[in-house]
Amino acid sequence: MTRASFMQRLAAVAAGDESVDEFRLRRTLLFMLAAFSSVAGLAWGGLYLAFGEAGAAAYPLAYSAISIPTLVFGRSVGRLDVLIRLQLALITFVPFLLAIALGGYAGSSAVVLWSLLGPIGAFLIGGRAGAARWLAVYLVLVVVVGLWAPTTQVPNQLPDAVIVTFYILNVGAVSSIAFGLLYYFVGENRRVLELLRLEKDKSERLLLNVLPREVADLLRDQEQTIAEQYDAVSILFADIVDFTPLSESMPPAEVVGLLNLIYSHFDRLVIRHGVEKVRTIGDNYMVVAGAPRRIPDHARALAAMALEMMEFVDDLPPVGESRIRFRIGINTGPVVAGVIGTTKFQYDVWGDAVNVASRLESHGEPGRIQIGRATMEALGDDFACEPRGTVEIKGKGVIQTWWLLGQAA
């Protein structure tokens, strides 16, 4: 079994079926620390007994006798903080007592190194503040063992070769356990960071489905009202002709499917022409060019898109005995644009130019694109336009309009 798979299986035993969160990570690390230390306590106690050191063996065996119930009952105990303090206290003080019992650093083969797992465990499980206190305790114990050994000679029955072997075991085992805990901790943190990155990317995509990227960036960086004046933009409104009776003759799923088919294609055209979809309301589709990205050829971009929209709709198969037909209106002029709402954000544009564009659509004809004077003048000679004559627009009176026919030959 590889190290990674062993660590994962041990962590799974401690974690159970809980999701990844701080409590689960802390309890898993506690479980792993107690498991490694308890196994070592049983092994060290057995070795000390085998070499006639029953008194010294009592310390690691007593630690394991107290610690093992933590493994057995730890998952069902709600007071995780109590278990953490108990485990850290045992790991920190038991090796110190064992070092005293065996005669200091030399006689105990530096067994006090095991106490270092106390502050390491405190850092991984509880954080920096608690770890600093446990490190201070560990350093005090190190000094005490160093000062105590020269003043008192406590004989033990361990041969020199065994003492050297225990040096190797103590250094190797403590290093391996510390590495194992850090290995799992860093791996879990990387996994959590990756999950956070994926969630951030998902949130970013959702946000960009609602707001233009430029506006979304501003919204993340500041909490003030986002609003801006634009001297000239072009606005497009598109609407399905006789959609209400058409939708009443179709099952709901087919209505949604039809709108999704049409507007998904329109959305791709929005990206291709570098304009911005503002919203869809029922069968009404609204686009702005020149905001929030200021582009000099906003009228041309929107006119080209409108022609491709009509071309796509003309190629759609009939729905029953009816064909899908659109009216499109385009107008150019100054607007105010910004974000409204505090919980469900919406980017919108306001102004007389918007109202006229909406009226040009509603007063248009099926299968045709009606534009106002400002748009016609902005298009210049790049597009073919046909005068329609005058149209009475609510709130504006009689205005002159044109049909957009296509790009100039």
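These entries record what I looked up about nonpolar cores, a surface patch and aromatic pairs in this predicted model.

**Entry 1: nonpolar cores**

I began with the largest nonpolar core, which holds 45 residues, and asked which of them touch the most other members. The residues listed there are Leu29, Leu33, Trp44, Tyr48, Trp114, Leu117 and Leu181. I then looked up which helices supply this core, and found that α2 (22-50), α3 (54-73), α4 (80-101), α6 (117-126), α7 (128-148) and α8 (160-210) each give at least two residues to it. Apart from this core lies another, made of 41 residues, and I noted Leu259, Leu302, Leu307 and Phe383 among them. As general background, nonpolar side chains in soluble globular proteins tend to be buried together.

**Entry 2: a nonpolar patch on the surface**

I next turned to the surface, where Leu42, Ile68 and Val72 make a nonpolar patch of about 250 Å². Of these I followed up Leu42, which is found in helix α2, a helix that also supplies at least two residues of the largest core. Is Leu42 itself buried, exposed or partly exposed? Its relative accessibility is 44%, so I entered Leu42 as partly exposed, given that the partly exposed class runs between 20% and 50%.

**Entry 3: aromatic pairs**

The count of aromatic pairs comes to 9. One that I examined is formed by Phe179 and Tyr183, which are tilted, with 5.8 Å centre to centre and 40 degrees between the planes. Both residues sit in helix α8, and because they are 4 residues apart there, about one helical turn separates them. Phe179 is partly exposed, with a relative accessible area of 44%, and Tyr183 is likewise partly exposed, with a relative accessible area of 40%.

I then examined Phe266 and Phe312, an edge-to-face pair with 6.5 Å centre to centre and 70 degrees between the planes. Which parts of the chain does this pair tie together? Phe266 lies in helix α11 (residues 252-273) and Phe312 in helix α12 (residues 298-314), so the pair links parts that are 46 residues apart in sequence. I checked burial for each ring in turn: Phe266 has a relative accessible area of 1% and is buried, while Phe312, at 18% relative accessibility, also counts as buried, since the limit for that class is under 20%.

**Entry 4: the aromatic cluster**

Lastly, I looked up whether further rings accompany this pair, and found that Phe266 and Phe312 belong to one aromatic cluster together with Tyr263, Tyr285 and Phe326.

Methods:
Residues are numbered from 1 along each chain as its sequence is written. This is a predicted model: local features need pLDDT of at least 70, side-chain atom pairs count only at pLDDT 80 or more; totals for chains, interfaces and linings use all residues. Side-chain values use heavy atoms; hydrogens and water are left out. A nonpolar core is a set of buried Ala, Val, Leu, Ile, Met, Phe, Trp, Tyr and Cys residues joined through side-chain atoms within 4.5 Å. Buried means under 20% relative accessible area, exposed over 50%, partly exposed in between (1.4 Å probe, protein chains only). Patches are made of residues with over 30% relative accessible area and no salt bridge: like charges are joined within 9 Å, nonpolar side chains (Val, Leu, Ile, Met, Phe, Trp, Tyr) within 5 Å. Accessible areas come from the Shrake-Rupley method with a 1.4 Å probe; for residues, only the protein chains shown count as cover. A salt bridge is a side-chain nitrogen of Lys or Arg within 4 Å of a carboxyl oxygen of Asp or Glu. Rings of Phe, Tyr and Trp (its six-membered ring) pair if their centres lie within 6.5 Å; planes under 30 degrees apart count as stacked, over 60 as edge-to-face and the rest as tilted.
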